[in-house]
Amino acid sequence: MVESNISSDLIRGHIDTIILKLLGDGDKYGYEITRIIHSKTNGEFELKEATMYSGLKRLEHEGSILSYWGDETQGGRRRYYSITKKGRQLFDKNKKNWELTKKIIEKLI
Amino acid sequence: MNDRIKQYLDGIFALYDGVKSVNELKADLLSDLQERFCELKADGNDDETAFKITIDSIGDIEQTVQDVANLSRSLERQVLTNFSVSNLPKSDFAGVTAHKGKFEVSTLCGSDFSGADLTGSSFKISGVRDSNFDGTNLTDCTLYMNNLTGASFNQSILVRTEFNMSEITHAKFTDVKLIDVKLIMTDLRKTIFENCTFNGVDFNYCDLRGMSLDGLTFIGVKFDKTALNEVTFKGATLKNVSFIAASTWTSWSKKYYRAIKTICFDGAMMDKLTFASLKGLGADLSKVTVI
C-alpha cells in the first residue's frame, strides 16, 4: 500500500472521474470502490475513505450520482451509489479533457 | 473491536453530532471500516495491526466532514424560503432538517412532519390541521395564529415553542415535556394532554374551562388571567405556579376570583408558595398536600 505524496496529488484531481467510471460499470457501495481501486492498481494506489467520500458527496450534491439503501439481509445496511445521466455526460467530458491533457504533457515532459 | 472503531469515529465526529448528512457519512464510514477490519483479520493480521491499518485508511477526514456539513447547510438554505404562501396539503416532510424554515400563510393540512427537525421555523397564520408532529423538534418555533386542529404531538420536542392565538382544538399532546412554551390566548378546552409535564409554560388569557388537568405536572407555569372555571387538577403537581387576576378590580378580575373557587385541587400536591397564593384567592385546598 504505497501512497507517495506526489502521485496522490496528481491522482486526486481525477478522483471524481475515477468514481464515475467505476459507477458506470454498476452501482457500488463505499468500501467496494476503495477495494476495486486497490486491486486494479495492484495495491500501488490506496484511495483514502476521506478522499472518496468527499468525491461521492460532491458528485451526489451536483446530481451526477445518487444514493440508495441496499437491502442486505445480514450485517449493516449499505448505501449504494448509482451514476445518473448527468454523471455519464460529466465522465465523457472529463475523459476527453484527460486524453487531451495527457497528449500535451507527454509532448512537454 | 467494532466498538473501538466506533469510539474512534465518535471522537472525530463529536463536533458535528446532529448534522444529518454528517451522521450519514459517519454510518457509511463505520460499515466500510468494519468490513475492512474483518478482511484484514481474515488475511491473518492480529487485532492491533488490523485496527491500525483500518484507522490509517480513513485519511484526512476532518476536511471531508467540514465539506459535507457545508454542502448540507446550503441544501437547508434552499429549503428555507420555499414554503411560504404555498398550497401543499398532505405533504411529506418526515425526517427533514429545516432550521429556520418558513411555512407562513401556507396550507399544509394533513402533512407529515414526524421526526423532522424544524428548529427555529415559523408557521405564522398557516393551516396545519390534522398534521403529524410526532417526535418533531419544534424548538424555538413560532406557530402564531395557526389552525392546528386535530394535529398530533406525540413525544414532540417543544422548547420555547409559541402557539399564541392558534386554534388547537382536538390536537393531542402525548408524552411531551413542554418547556417555556407559550400558549397565550388559545382555547384548550378540547385539547388533549396525556402524560405531559409543563415547565415554565405560559397559559395567560387561555380558555381552560371544564378541562381536566389531572395528574399532570406544572412547574413555574403561569395561569394569569386564564379562564379556569370548573378546571380539575386532581392529583396534579404544582410548583411555583402563578395565578394572577388583572391588576385592578375590574369585572374581569372578579370573574377570575369566582372561577378560582370552582377549581378542584383534590389530591394535588403543591409547594408552599403556590398553596399560599391560591389560599389568598379563596381556592378550596382542603384535600391538597403541601410539599
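Visitor: How do helix 2 of chain A and helix 4 of chain A lie relative to each other, roughly parallel or roughly perpendicular?
Guide: They are roughly perpendicular to each other. Bear in mind that this is a predicted model.

Visitor: Why perpendicular? What's the angle?
Guide: The axes of helix 2 (residues 15-24) and helix 4 (residues 49-61) of chain A cross at roughly 75°, and angles from 65 to 115 degrees count as roughly perpendicular. The two axes come within 9 Å.

Visitor: Which residues make that contact?
Guide: From helix 2 of chain A, A:Ile15, A:Asp16, A:Ile19 and A:Leu20 take part. Helix 4 of chain A supplies A:Thr51, A:Met52, A:Gly55, A:Leu56, A:Arg58 and A:Leu59.

Visitor: And by class, what's in there?
Guide: The contact of helix 2 with helix 4 in chain A has six nonpolar residues, two polar ones and two charged ones.

Visitor: Step back a bit. What else is in chain A, in terms of helices and strands?
Guide: Chain A has five helices and three strands. Read from the N terminus, the order is α-α-β-α-α-β-β-α.

Visitor: How much of chain A is buried?
Guide: 40% of its 109 residues count as buried. On contacts, take those in chain A between residues at least 6 apart in sequence: 52% of them join residues at least 24 apart.

Visitor: Now chain B. What are the matching numbers?
Guide: Chain B has six helices and 10 strands. It has 291 residues, and 46% of them are buried. Of the chain B contacts between residues at least 6 apart in sequence, 15% join residues at least 24 apart.

Visitor: Where do the two chains touch? Say, what does B:Asp32 contact?
Guide: Setting aside neighbours within four places in sequence, B:Asp32 is in contact with A:Tyr29, A:Gly30, A:Tyr31, A:Glu49, A:Met52, A:Tyr53 and A:Arg78. One of these, A:Met52, also belongs to the contact between helix 2 and helix 4 of chain A.

Visitor: Is B:Asp32 buried or exposed?
Guide: Buried, with a relative accessible area of 1%. B:Asp32 is in helix 2 (residues 20-42) of chain B. Its C-alpha atom is 9.7 Å from that of B:Ile58, which is 26 residues away along the chain.

Visitor: Switching to rings. How many aromatic pairs are there?
Guide: There are 24 over all chains. One of them is A:Tyr29 with A:Tyr80, an edge-to-face pair with 5.5 Å from centre to centre and 85° between the planes.

Visitor: Where do those two tyrosines, A:Tyr29 and A:Tyr80, sit?
Guide: A:Tyr29 is in strand 1 (residues 28-29) of chain A and A:Tyr80 in strand 3 (residues 79-83) of chain A. They are 51 residues apart, and the pair links distant parts of the chain. Both A:Tyr29 and A:Tyr80 are buried.

Visitor: Got one from chain B? Why is B:Phe218 with B:Phe233 called edge-to-face?
Guide: Because the planes of B:Phe218 and B:Phe233 stand at 75°, with the ring centres 5.5 Å apart; planes over 60 degrees apart count as edge-to-face. B:Phe218 lies in strand 7 (residues 217-219) of chain B, while B:Phe233 is in the loop between strand 7 and strand 8 (237-239), 15 residues apart.

Visitor: Buried or exposed, those two phenylalanines, B:Phe218 and B:Phe233?
Guide: B:Phe218 is buried at 0% relative accessibility. B:Phe233 is buried too, and its relative accessible area is 0%.

Visitor: Which charges sit over rings?
Guide: In chain A, A:Arg79 lies over the face of A:Trp69, 4.5 Å from the ring centre. In chain B, the charged end of B:Arg4 is over the ring of B:Phe51, 3.8 Å from its centre.

Visitor: Last topic, loops in chain B. Where is B:Gly110, and what does it touch?
Guide: B:Gly110 is in the loop between helix 4 (61-80) and strand 1 (152-154) of chain B. Not counting residues up to four places away in sequence, B:Gly110 touches B:Lys90, B:Arg129, B:Asp130 and B:Ser131. B:Gly110 counts as partly exposed, at 30% relative accessibility.

Visitor: Same for B:Lys182?
Guide: B:Lys182 is in the loop between strand 4 (177-179) and strand 5 (192-194) of chain B. Its contacts, leaving out residues up to four places away in sequence, are B:Thr161, B:Glu162, B:Phe163, B:Asn164 and B:Asp202. B:Lys182 is partly exposed, with a relative accessible area of 32%.

Methods: Residues are numbered from 1 along each chain as its sequence is written. Chains are lettered from A and ligands numbered from 1 in the order in which they are written. This is a predicted model: local features need pLDDT of at least 70, side-chain atom pairs count only at pLDDT 80 or more; totals for chains, interfaces and linings use all residues. Side-chain values use heavy atoms; hydrogens and water are left out. Rings of Phe, Tyr and Trp (its six-membered ring) pair if their centres lie within 6.5 Å; planes under 30 degrees apart count as stacked, over 60 as edge-to-face and the rest as tilted. Helices (H or I, at least four residues) and strands (E, at least two) are DSSP runs, numbered from the N terminus. Buried means under 20% relative accessible area, exposed over 50%, partly exposed in between (1.4 Å probe, protein chains only). A charge sits over a ring if NZ of Lys or CZ of Arg is within 6 Å of the ring centre and within 35 degrees of the ring normal. Axes are lines fitted to C-alpha atoms, for helices over the stretch in contact, and angles run from 0 to 180 degrees between N-to-C directions. Angles under 35 degrees count as roughly parallel, over 145 as roughly antiparallel, 65 to 115 as roughly perpendicular and the rest as oblique. Contact means heavy atoms within 4.5 Å. Ala, Val, Leu, Ile, Met, Phe, Trp, Tyr, Cys and Pro count as nonpolar, Asp, Glu, Lys and Arg as charged, and the others, Gly among them, as polar.
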